[in-house]
Amino acid sequence: MPNNSKSTWICNSCKEKLYKVNNVNISTVQSGENTTSTLNPSIPSTTCTSSIPQNLCGGVDGTVDDLSIRGSDAECDSNDDVQIMKVCRGNIDKTASLGNLIQAEYDIIESPNGWLDCTVIQEAHILLKQVNPMIKGFQRTTLGPARNFDVVTSEFVQILHTGNHHWVCTSSVGCLPGTVNLYDSLFHDIIANEVEEQLKDLMANKLTGINIVPVQQQGNGSDCGVFSIAFATCIVYGRDPGMVTFDVPQMRPHLSRCLKTGVLSPFPQTHKDFQVKYCGMLVDKEHPWLHATPDFMASCSCCGDGCGEVKCPYGIENGDFETYISKKTSCLEKVNGELRLKKNHQYYYQVQQQLNITKLKYCDFVVFAFNVNNQPMIFQERIYPDFNLWELLQPKLTKFWRICILPEILGRWYTRKYHTPSLVQVPVSGNDNMICYCRKATGEQTITCSNPKCPYLKFHLSCLRSSDQVPKKWYCPTCRLLPDFKSNAKTRNAIEQDICKKALSLDSVCICNSKPRPGDRLLQCHSEECLNGKFFHLHCLKYKRMPNNSKSTWICNSCKEKLYKVNNVNISTVQSGENTTSTLNPSIPSTTCTSSIPQNLCGGVDGTVDDLSIRGSDAECDSNDDVQIMKVCRGNIDKTASLGNLIQAEYDIIESPNGWLDCTVIQEAHILLKQVNPMIKGFQRTTLGPARNFDVVTSEFVQILHTGNHHWVCTSSVGCLPGTVNLYDSLFHDIIANEVEEQLKDLMANKLTGINIVPVQQQGNGSDCGVFSIAFATCIVYGRDPGMVTFDVPQMRPHLSRCLKTGVLSPFPQV
């Protein structure tokens with residue numbers, strides 16, 4: 001029975017007569033032709049102020065463009081009598097407003113029991129359309145009862161009136177073709193037939209199914225419109241309404257504010273039965289070598305169980321997240337105007353490990369900072385498990401455990417100090433097999449350690465990987481690290497004692513003019529014309545250690561100024577690095593010294609030299625060699641340029657199993673590494689390190705350094721926190737050389753805060769450090785972790801030689 005069967009229903013014949021009275025052809029009404037009534041042609045098409053049943057709104061009887069349902073449920077009761085007030089025709093914008101909201105309607109919105117009418121719903125539709133224009137729908141809800149929706153063929157959101165004083169939200173976003181999600185805040189296990197019919201009209205009868213999505217239920221009989229708008233808001237912002245619990249007391253004030261400001265933002269949310277508790281270390285049951293340590297555990301009835309991770313980056317200054325995301329070290333990025341955690345950042349991997357080990361549903365990632373007013377600024381993102389990523393990470397973590405963690409736990413494989421093992425010495429005889437590191441008697445030639453207390457005594461040349469002639473007094477690799485057998489230890493002590501004796505014969509020394517005392521660490525000026533006390537305290541000169549040329553050519557500042565004046569050179573010009581040439585021979589370009597020069601002659605307190613070369617073998621740059629100043633060189637140079645073309649002799653050193661690489665080879669490798677990844681800084685001449693004359697780098701870098709002890713190491717800030725640097729050392733002895741730290745401070749303008757020791761493959765002899773340093777740097781520029789790589793040692797030197805000849809440095813062979 002039609003809704004108006006007992007009052008105003010008329011048959012088709014009578015209806016035609018009614019149309020004829022108004023000079024309107026029923027065929028025109030049925031076709032929706034854009035005409036106006038002859039009763040008053042100037043009156044535009046308007047809408048009815050009450051709901052009209054299907055037989056008067058379309059279908060068999062005719063087509064009405066739009067029917068308004070305004071007022072409360074009582075006004076649109078299905079049992080009310082309906083009177084046709086006006087027949088309206090014409091092509092209209094079916095997503096347009098139904099009229100400006102007046103104060104009375106805002107009062108209804110803000111009232112706890114106010115029922116929203118179609119005008120409010122349509123205003124919300126318009127604002128939702130602005131949020132995501134790619135989503136269709138948002139048509140006037142008054143078109144539904146008339147079955148006069150425009151057909152949509154793509155994803156849509158549409159709020160519908162069920163005909164029973166109730167609003168529901170429908171959407172095809174994320175659904176299979178032909179299916180629609182229904183979000184009903186007052187669902188009673190039955191889908192209203194009116195909803196299904198309206199959806200068929202909206203989808204041109206291509207509806208195949210309706211999915212009931214469990215959502216938060218309203219607590220009274222009038223909040224259905226507010227909840228429907230809230231569900232639709234979640235969808236257009238890319239959120240699942242089924243995962244949200246709204247803060248009901250704040251929903252109506254929030255909707256009122258949004259309609260007044262013209263921007264519909266997500267509704268306030270809350271959690272039911274929400275709990276937060278601390279947690280410790282959680283171990284993976286399937287892989288007990290893996291664990292996670294979230295900052296807290298969270299649970300609620302609406303979201304289930306989850307965890308949380310809180311970060312407080314030092315890089316966020318005054319709570320300015322916008323500036324922070326522009327930094328390379330930032331863990332956040334902006335996507336479509338919203339902040340989110342970078343999916344290639346280490347924090348994302350940490351969160352995924354926590355989720356997959358704890359088997360929880362989500363992790364709330366929080367970034368915290370204070371603004372200039374000391375008020376907290378918080379960013380929060382809910383992250384869900386990425387199972388595909390975990391399938392890639394889990395084997396890598398297992399490999400890292402087996403190669404790095406397990407050997408360290410069982411035997412301190414990477415951090416143990418070299419010491420004489422407490423082994424019982426067994427007399428060596430012809431049949432004894434307790435010799436050498438291998439503890440086997442192979443019958444081959446052996447050499448004897450000069451330390452009578454050596455626990456091994458004899459060693460096979462093959463085990464030492466040495467074919468060189470052994471001196472008469474020889475110490476094994478274990479004993480030579482002991483303080484009693486370090487080379488030149490006694491000689492250095494004797495020299496310092498001799499200097500102290502000479503100084504004690506004077507009344508005053510140093511720039512402090514104090515009387516020398518036994519035990520003072522004094523540095524002797526080797527200028528015969530020195531008038532400043534001849535001997536100087538290290539602490540007065542602000543030196544941390546003796547200069548390399550302390551026993552031979554070191555001179556004080558005053559004597560150095562005299563030396564410069566003899567050559568007509570102003571020391572201030574040298575210190576400033578001004579681009580000038582020496583008057584001794586202006587045609588001679590800036591060259592480099594062929595031996596290492598200590599800090600006091602290369603920069604820091606005393607002056608600046610642009611570049612210092614360390615060429616040749618270890619013997620040529622021994623810290624005990626005498627150094628003679630051959631020439632003072634000045635000028636602005638390219639500190640990443642080559643130190644010279646490689647000659648055949650240098651290629652022979654590279655390919656020799658015991659060849660020690662010099663700075664020329666290292667710099668050629670630097671240049672090729674720079675070509676692989678120009679975004680990474682560093683790669684400066686290694687000769688600048690001892691002179692403390694690096695150009696300062698403020699972004700991620702890779703730099704090979706010379707430690708001053710015949711050894712090369714690789715350093716890098718790629719992937720590190722601000723101020724920290726990774727150290728890759730193929731011969732690490734649990735101590736970071738002070739020279740490495742000082743060079744890094746110079747490279748980073750004293751912003752170094754820490755050095756991370758990365759466990760890497762260790763070299764098997766005393767000359768492969770340069771090759772390994774280049775190999776580590778190559779891994780970094782190609783985006784690989786040197787700590788996860790095991791190189792094929794016999795192939796490393798031939799590979800490096802080929803790369804330097806071809807001009808392309810590719811990753812080193814691995815096993």
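How many salt bridges does the structure hold? The count is 14, and three of them get a closer look below. Keep in mind that this is a predicted model.

## The overall picture

Let's start with the whole chain. The protein has 815 residues, and 46% of them count as buried. Its secondary structure adds up to 21 helices and 23 strands. If you take the contacts with a separation of 6 or more, 61% of them come from residues 24 or more positions apart. The accessible surface is about 41900 Å², with carbon and sulfur atoms making up 52% of that.

## Helix 19 and its salt bridge

Helix 19 covers residues 738–747, and 7 of its 10 residues are buried, so the rest of the structure largely encloses this helix. The buried ones are E739, V740, E742, Q743, L744, D746 and L747. As for what they pack against, it's a set of strands: strand 20 (701–706), strand 21 (712–716), strand 22 (724–728) and strand 23. Just after helix 19 comes A749, which has a positive phi near 55 degrees.

One of those buried residues, E739, also takes part in a salt bridge: its side chain meets that of R692, at 3.0 Å from N to O. E739 sits in helix 19 while R692 is in the loop between strand 19 (681–682) and strand 20, so the pair ties together parts 47 residues apart in sequence. Both ends are tucked away: E739 has a relative accessibility of 9% and counts as buried, and R692 is buried too, at 13%.

## Two more salt bridges

R797 and D768 form another salt bridge, with their closest N and O atoms 2.8 Å apart. This pair links distant parts of the chain, as R797 is in helix 21 (residues 793–806) and D768 is in the loop between strand 23 and helix 20, 29 residues apart. Are these two buried or exposed? Both R797 and D768 are buried.

Then there's E110 with K260, whose closest N and O atoms are 3.6 Å apart. Here E110 belongs to helix 4 (residues 103–110) and K260 to helix 8 (residues 248–261), so to speak a link between distant parts of the chain, 150 residues apart. E110 is partly exposed at 39% relative accessible area, and K260 counts as exposed at 51%.

## Q761 and its surroundings

The loop between strand 23 (754–757) and helix 20 (769–781) also holds Q761. Q761 counts as buried, with 17% relative accessibility. Its side chain reaches the backbone nitrogen of F791 at 2.5 Å.

What is Q761 in contact with, leaving aside its neighbours within four places in sequence? The list runs S730, F772, F776, V789, T790, F791 and V793.

## Cysteines without a bond

A disulfide is a covalent bond between the sulfur atoms of two cysteines. How many disulfides does the structure hold? There are 0. Take C279: the closest cysteine sulfur belongs to C307 and lies 7.5 Å away, which is too far for a bond. For reference, the cut-off for calling a disulfide is 2.5 Å between the sulfur atoms.

C279 itself is partly exposed, with a relative accessible area of 24%. C663, on the other hand, counts as buried at 0%.

## A nonpolar patch on the surface

On the surface, F400, I405, L406, I409 and L410 make up a nonpolar patch, and together they have about 450 Å² of accessible area. One of them, F400, is part of helix 11 (residues 387–411). F400 is partly exposed, at 32% relative accessible area.

## Positive phi away from glycine

Two loop residues are worth a look if you check backbone angles. H165 isn't a glycine, yet its phi is positive, about 55 degrees. You'll find H165 in the loop between strand 2 (156–161) and strand 3 (167–171), where it counts as partly exposed at 27% relative accessibility.

N374 is the other one: not a glycine either, with a positive phi of about 60 degrees. Its place is in the loop between strand 13 (362–370) and strand 14 (376–383). N374 is exposed, with a relative accessible area of 57%.

Note on methods
Residues numbered from 1 in each chain as written. Predicted model: local features only at pLDDT ≥ 70, side-chain atom pairs only at ≥ 80, totals over all residues. Heavy atoms only, no water. Helix = DSSP H or I, 4+ residues; strand = E, 2+ residues; numbered from the N terminus. Buried < 20%, exposed > 50% of the residue type's maximum accessible area, 1.4 Å probe, protein only. Polar contact = N/O pair within 3.5 Å; in protein donor to acceptor, adjacent residues only side chain to side chain. Contact = heavy atoms within 4.5 Å. Patch = residues over 30% accessible without salt bridge, like charges linked within 9 Å, V, L, I, M, F, W, Y side chains within 5 Å. Areas by Shrake-Rupley, 256 points an atom, 1.4 Å probe, with all protein chains shown as cover. Salt bridge = Lys/Arg side-chain N within 4 Å of Asp/Glu carboxyl O.
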